[in-house]
Amino acid sequence: MRTRPLRMLGAVTFVYGIATAYRPGLLARPTGLVDAHGDIARHTATVLRPLAWRDAATGLAMVLAPQGPALVTASAVRIASDVGDAVLFGAALPGRLRRAGAVVSALGWAALTAASLVAAPEEPVRPGD
């Protein structure tokens, strides 16, 4: 398995997760989870932070997992999380356009991770990879 694409996706996911945990507006604003002034309610930020930490943990696992079943599992967790986000946001976000955008984004990340997982030819296992 080629690990570089999965590790790059993991790194991006980790950075996004950390940034969103610190600034929940990175997720709240594009999904419409803000008030008329663009402010985020405290309870909304509280609910979004665990999603951000989940993304950070999943991304870090994709970066650090050894090649083989551990990396496949970390990637599968990422895919399942993105599909879950698509279902959750598709059912709950305000406004058709916001829902559609969130669903397309989440399923796009799931598809990118799945494609990176299954489309790459096998590489020899190297020590420390």
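**Helix H4 and its neighbours**

The axes of H1 and H4 come within 11 Å of each other and cross at roughly 50 degrees. That angle makes H1 oblique to H4, because it falls neither under 35 degrees nor in the range from 65 to 115. The handedness of this crossing is left-handed. I should say now that what you see above is a predicted model.

Which residues meet where these two helices touch? From H1 there are Leu6, Arg7, Leu9 and Thr13, and from H4 there are Leu71, Ser75 and Arg78.

Let me stay with H4. This helix runs over residues 69–92, which is 24 residues. At 1.5 Å a residue H4 should span 34 Å, and its end C-alpha atoms are 34 Å apart, so the expected and computed values agree.

Which residues of H4 are buried? They are Leu71, Ala74, Ser75, Arg78, Ile79, Ser81, Asp82, Asp85, Ala86 and Phe89. When you look at that list, keep one general point in mind. An α-helix has 3.6 residues a turn, so residues three or four places apart point the same way. As for what the buried residues of H4 pack against, the partners are helix H1 (4–22), helix H2 (25–31), helix H3 (42–64) and helix H5 (96–118).

Next, the nonpolar cores. The largest one has ten residues: Met1, Leu6, Leu9, Met62, Ala65, Leu71, Ala74, Ile79, Ala110 and Leu117. At least two residues of this core come from each of H1, H4 and H5. H4 gives the largest share, three residues. Apart from this core lies another, made of seven residues, including Leu27, Leu48, Phe89 and Leu93.

Now H5. It has 23 residues, and from its first C-alpha to its last it reaches 32 Å, close to the 33 Å expected at 1.5 Å a residue. Buried in H5 are Ala102, Ala106, Ala110, Thr113, Ser116 and Leu117. H1, H2, H3 and H4 are among what covers them.

Last, one residue from H1, namely Tyr22. Is Tyr22 buried or exposed? Tyr22 has a relative accessible area of 67%, and the cut-off for exposed is over 50%, so Tyr22 counts as exposed. Tyr22 and Ala41 are 19 residues apart along the chain, and their C-alpha atoms are separated by 15 Å.

Key:
Residues numbered from 1 in each chain as written. Predicted model: local features only at pLDDT ≥ 70, side-chain atom pairs only at ≥ 80, totals over all residues. Heavy atoms only, no water. Helix = DSSP H or I, 4+ residues; strand = E, 2+ residues; numbered from the N terminus. Expected span 1.5 Å × (residues − 1). Buried < 20%, exposed > 50% of the residue type's maximum accessible area, 1.4 Å probe, protein only. Contact = heavy atoms within 4.5 Å. Core = buried A, V, L, I, M, F, W, Y, C linked by side-chain atoms within 4.5 Å. Axes fitted to C-alpha atoms, helices over the stretch in contact; angles between N-to-C directions. Parallel < 35°, antiparallel > 145°, perpendicular 65-115°, else oblique. Left-handed = near helix turned anticlockwise from the far one by under 90°.
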